[in-house]
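Biologist: Please take a close look at how the charged side chains pair in this model, and connect what you find with the rest of the chain.

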Amino acid sequence: QVLLVESGGGLVQAGGSLTLSCVVSGSIFSRNAMGWYRQAPGKQRELVAARTSGGSTYYANSVKGRCTISRDDAKNTVYLQMNNLKPEDTAVYFCAAGRGGSFPLVRPDWGQGTQVTVSS
């Protein structure tokens with residue numbers, strides 16, 4: 001069973017930064033494509049960023065230039081560094097592990113989510 005545990009969310013002022021972390025267990029992490037998604041109240045879950053096992057990265061247009069996804073395969077951890085945060089970034093952020101190394105993520109497993117709130 002794949003288990004994903006996110007951390008690092010919180011309350012931050014607009015213009016601030018946060019780094020989210022997601023530790024993965026129960027899979028051969030280096031083979032998984034990983035992604036960060038978010039869901040704001042009343043909205044559908046959307047992709048924020050993804051990184052394949054080969055190192056290719058994908059970002060939503062709304063976060064390009066402000067977010068960076070990275071991974072440490074030795075620690076089975078994927079990170080999302082977010083800078084210059086805006087109130088519209090407020091959402092629950094979910095980590096996802098694809099079943100395979102490619103993007104889009106295939107039948108992903110999900111973490112429980114971590115709340116990010118950006119105050120204006």
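Modeller: E46 is partly exposed, because its relative accessibility is 36% (buried is under 20% relative accessible area, exposed over 50%, partly exposed in between; 1.4 Å probe, protein chains only). The side chain of E46 meets that of R38 in a salt bridge, with 2.7 Å from N to O (a side-chain nitrogen of Lys or Arg within 4 Å of a carboxyl oxygen of Asp or Glu). R38, by contrast, counts as buried, at 7% relative accessibility.

The model is predicted: local features need pLDDT of at least 70 and side-chain atom pairs count only at pLDDT 80 or more, while totals for chains, interfaces and linings use all residues. Residues are numbered from 1 along each chain as its sequence is written, and side-chain values use heavy atoms, without hydrogens and water.

R38 has a further partner in D89: their closest N and O atoms are 2.9 Å apart, and the two form a salt bridge. This contact joins distant parts of the chain, since R38 belongs to strand β4 (residues 34-39) whereas D89 sits in the loop between β8 (77-82) and β9, with 51 residues separating them (strands are DSSP E runs of at least two residues, numbered from the N terminus). D89 is buried, as its relative accessibility is 1%.

D89 in turn meets R66 through a salt bridge of 2.8 Å, N to O. Here too distant parts of the chain are linked: R66 lies in the loop between β6 (57-59) and β7 (67-72), D89 in the loop between β8 and β9, and the two are 23 residues apart. With a relative accessibility of 9%, R66 counts as buried. Through shared partners, these salt bridges bring R38, E46, R66 and D89 together in one network. The structure as a whole has 5 salt bridges.

A covalent link comes next. The structure holds 1 disulfide, which C22 and C95 form with their sulfur atoms 2.1 Å apart (the limit for cysteine sulfur atoms is within 2.5 Å). C22 lies in strand β3 (residues 18-25) and C95 in strand β9 (residues 91-97), so this bond ties together parts that are 73 residues apart in sequence. The link between C22 and C95 is left-handed, with -85° about the S-S bond. C22 is buried, at 0% relative accessibility, and C95 is buried as well, with a relative accessible area of 0%. C67, on the other hand, takes part in no disulfide; the nearest cysteine sulfur belongs to C95 and is 14 Å away. C67 is nevertheless buried, because its relative accessible area is 7%.

Strand β3, which carries C22, also leads to the sheet. An open sheet of 4 strands runs in the order β1-β3-β8-β7, with antiparallel pairing (strands pair if DSSP finds at least two bridges between them). At its edges stand β1 (3-7) and β7, each with a single partner strand, so one side of each has no neighbour in the sheet. Between β1 and β3 the antiparallel pairing extends over 5 bridges. Within this part of the sheet, V5 is placed opposite V23 in β3.
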